[in-house]
Number of protein chains: 12
Amino acid sequence: MSEHVYKIVELVGSSTQGTDKAIQNAIARAAKTLRNLDWFEVIETRGHLENGKVAHWQVKVKIGFRMEA
Amino acid sequence: MSEHVYKIVELVGSSTQGTDKAIQNAIARAAKTLRNLDWFEVIETRGHLENGKVAHWQVKVKIGFRMEA
Amino acid sequence: MSEHVYKIVELVGSSTQGTDKAIQNAIARAAKTLRNLDWFEVIETRGHLENGKVAHWQVKVKIGFRMEA
Amino acid sequence: MSEHVYKIVELVGSSTQGTDKAIQNAIARAAKTLRNLDWFEVIETRGHLENGKVAHWQVKVKIGFRMEA
Amino acid sequence: MSEHVYKIVELVGSSTQGTDKAIQNAIARAAKTLRNLDWFEVIETRGHLENGKVAHWQVKVKIGFRMEA
Amino acid sequence: MSEHVYKIVELVGSSTQGTDKAIQNAIARAAKTLRNLDWFEVIETRGHLENGKVAHWQVKVKIGFRMEA
Amino acid sequence: MSEHVYKIVELVGSSTQGTDKAIQNAIARAAKTLRNLDWFEVIETRGHLENGKVAHWQVKVKIGFRMEA
Amino acid sequence: MSEHVYKIVELVGSSTQGTDKAIQNAIARAAKTLRNLDWFEVIETRGHLENGKVAHWQVKVKIGFRMEA
Amino acid sequence: MSEHVYKIVELVGSSTQGTDKAIQNAIARAAKTLRNLDWFEVIETRGHLENGKVAHWQVKVKIGFRMEA
Amino acid sequence: MSEHVYKIVELVGSSTQGTDKAIQNAIARAAKTLRNLDWFEVIETRGHLENGKVAHWQVKVKIGFRMEA
Amino acid sequence: MSEHVYKIVELVGSSTQGTDKAIQNAIARAAKTLRNLDWFEVIETRGHLENGKVAHWQVKVKIGFRMEA
Amino acid sequence: MSEHVYKIVELVGSSTQGTDKAIQNAIARAAKTLRNLDWFEVIETRGHLENGKVAHWQVKVKIGFRMEA
């Protein structure tokens, strides 16, 4: 409501299942140590290939959270 | 076939389920009032977080449709 | 380990199912003729619309593979 | 709350006073005909010069508003 | 002169003749329903190929027009 | 003078007054816990709208500070 | 119709006549060895100057073609 | 009216007061030696920090002016 | 041949005829006062509209020339 | 191997010797307090000039490291 | 001299020594199988870290070569 | 200290030795005719190839210098 300040951290989440899950993994990790998570933005989507298949989906995200005053 | 002109509208679709569904929601809304929808392009993917989890996936898309001559 | 060189090819995969599947289709096609596939990067996500719905998801990817020395 | 869709319109506001006022003028004009305005993003800042001074500040903004379901 | 506001629409013009004609086709279509057209900006140039030749030149443009007060 | 290393943090400052004030709020918050703040760069300017007016100006900035050796 | 995969090659066409002709030259060269050419995108337009005039127009294009299954 | 050519110079204006004033300072300096200034575009906004506050706002602008025929 | 240095100037050429001619007008103007012009790059293509038609095509170019040693 | 999450920090390394050394200085500083450094990406290269020469090479890098689970 | 067409391939060269050497390694590999190499452009510079040091410098380059007529 | 204005010139330095030397050559040339050089930014790195090797490294830089009041 008032004049909040937000901090942004940049993480890369990885997953064997897909892009949405890679994002969720990054957010879950951030939530372990940060409170007041507010939004995320996808920066880059890529992945590691093994044997001609996607072994890990990797999504770089920025995660914003409200700082304590 | 002949020299068509296309118009582009920019929407943000949101979904509690995932990025693909957010795109589909934006397109479904556009289809309510526009005809001849032809293609979409993803511009930005982000989302709203609540309690350390993705509450809403939000995808900004451009949607192109053929204009009547 | 040593000073490898990697080549990058650019493909567009399409799918009727979703963005992740479109990526996988592009990689599967590359794996038919290229060995040592190592990573991919998403360049652009778009799709073709028919009857107000997504008919084909189309994802442009760059795929990197290690070149034989 | 639920799965809203937002539309984005692109305007250029101008002002003889400054950049913030140019943004406000664009939003005020949008508010005349659109409801549920939700956010704006600055795309480009420029201006017209006359006699070696800024005659008009011009700010291109995207304005997002919630569409009726 | 005073503090005008401009709106921007995004169109794709196509032409069998060339890029400049594709731009003109987009503008001609816009001029059918919009007044006070003021400027355009080219966003993207592409085209459709058939039989190893350009079948349609396609130019995405933003067109700005002055809004009524 | 010698070979310093700088760290960059990314914040979003908000303000009800304007863009410059939103930047200053982000910097003031950073200055509470970080020393040797050296420069900032504006990454994005946006804002939240309520009742057809700017309720909060939001400016995303990168802030650089010299690290202790 | 089904789940095609497209490959993209990047060429620079040059011409003494103009930008559209430079594009056509690139496509004509691609058509000598590739089948199923489908679309092109302009990436960059530049040229070589001699005696204060354009000696060669040079246009970098990406050309997409459907891969055999 | 006729086929003018414009030249663009790139300056960084600085100010202790704010971003708009930094722009104005750059334009005032350009106006000392250049005639027919026509428009400016903001390229980058940054600033120098001292004691946890903005000491100088710095705005990089491109300034266009009509060349004598 | 040896270690030349090149300078780049940025101009906007305009033309009533088309984009290629606007580029040529900018280069012709540069050639009036600069020697050893070597290459150009297109930065932006836009234009001014009057009565629903293109009145002036405007192309922003960077022009590189070899500096005297 | 499993679904790791990586964090990215952004540093500017400086050096009197060259760009590669500036990168190495940033990484050496990061290695003092962070474990599991995995990759870096160059974001921007610039430098400070004194007496018409490069006094400090400055390279902005993002450095990624694997987070503890 | 006449209307040549150039093809561009994208490679990533790696080196334990530095960025320039990584570029040279990519070019040397290309020269094994391609003739008439004409220019390169750096697209991205990154690297792999081990034990808090740069283990491999990795530079993504585009390499252009003149195609046989 | 006070409200300085800086001008930016854009040069391409070339060198047979490497990227850092190409930057230094551009700056040395600028220093012949300009005073108060303050900083540089790398815009683009490319080079000319001969016989499958780098013949000239070419780096495009922006160089900023403080203008006399």
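Let's start with a pair that has nothing to do with each other directly: chain D and chain K do not touch, and their nearest C-alpha atoms are 25 Å apart. Chain B and chain I are another such pair, with no contact between them and their closest C-alpha atoms 16 Å apart. Keep in mind as you look around that this is a predicted model.

Now for chains that do meet. Take chain F and chain A. You can lay chain F on chain A with an RMSD of 0.0 Å, using a turn of 120 degrees and a shift of 0.0 Å along the axis. That is the relation of a three-fold axis. If you want to find the axis from chain F, go to Val9(F): its C-alpha is the one in chain F nearest the axis, at 4.7 Å.

What does the interface between these two chains look like? On the chain F side, 16 residues are in contact with 14 residues of chain A. The area buried between chain F and chain A comes to about 1200 Å², and carbon and sulfur atoms give 47% of that. Three residues, Glu10(F), Val12(F) and Arg29(F), supply 43% of the area that chain F buries against chain A, more than any other three residues.

Charge plays a part here too. There are 2 salt bridges between chain F and chain A. In a salt bridge, the side chain of Glu10(F) meets that of Lys62(A), at 3.0 Å from N to O. So much for Glu10(F), which also appeared among the three residues that supply 43% of the buried area on its side. Polar contacts between chain F and chain A number 8 residue pairs, counting those with both residues at pLDDT 80 or more.

Which elements of chain F give two or more residues to this side? They are strand E1 (5-15), helix H1 (19-33) and strand E3 (53-66). E1(F) gives the most, with 7 residues. Sorted by character, the residues of chain F that touch chain A divide into 4 nonpolar, 7 polar and 5 charged.

E1(F) also pairs across the interface. Strand E1 (residues 5-15) of chain A is joined to E1(F) by 4 bridges, and the two strands run antiparallel. To see one of these partners in the structure, pick Lys7(A): its bridge partner in E1(F) is Leu11(F).

Move on to chain J and chain L. Here 12 residues of chain J are in contact with 12 residues of chain L. The two chains bury about 1000 Å² between them, 62% of it on carbon and sulfur atoms. In chain J, the residues that lose the most area to chain L are Arg46(J), Leu49(J) and Trp57(J), together 49% of what that side buries.

How many salt bridges are there between chain J and chain L? The count is 0. Polar contacts are present, though, with 5 residue pairs across the interface (both at pLDDT 80 or more). On the side of chain J that touches chain L, strand E2 (37-50) and strand E3 (53-66) are the elements that give two or more residues, and E2(J) gives the most, with 5. The residues on this side divide into 3 nonpolar, 7 polar and 2 charged.

Strand pairing turns up here as well. E2(J) pairs in the antiparallel sense with strand E2 (residues 37-50) of chain L, over 3 bridges. Arg46(J) stands opposite Glu41(L) in E2(L), and Arg46(J) is also one of the three residues of chain J that lose the most area to chain L.

Notes
Residues are numbered from 1 along each chain as its sequence is written. Chains are lettered from A and ligands numbered from 1 in the order in which they are written. This is a predicted model: local features need pLDDT of at least 70, side-chain atom pairs count only at pLDDT 80 or more; totals for chains, interfaces and linings use all residues. Side-chain values use heavy atoms; hydrogens and water are left out. Copies are superposed by least squares on the C-alpha atoms of residues with pLDDT of at least 70 in both. Contact means heavy atoms within 4.5 Å. Buried area is the accessible area (1.4 Å probe) that two parts lose on being put together, summed over both. A salt bridge is a side-chain nitrogen of Lys or Arg within 4 Å of a carboxyl oxygen of Asp or Glu. A polar contact is a pair of N or O atoms within 3.5 Å; within protein, one must be able to donate a hydrogen and the other to accept it, and residues adjacent in sequence count only if both atoms are side-chain atoms. Ala, Val, Leu, Ile, Met, Phe, Trp, Tyr, Cys and Pro count as nonpolar, Asp, Glu, Lys and Arg as charged, and the others, Gly among them, as polar. Two strands pair if DSSP finds at least two bridges between them.
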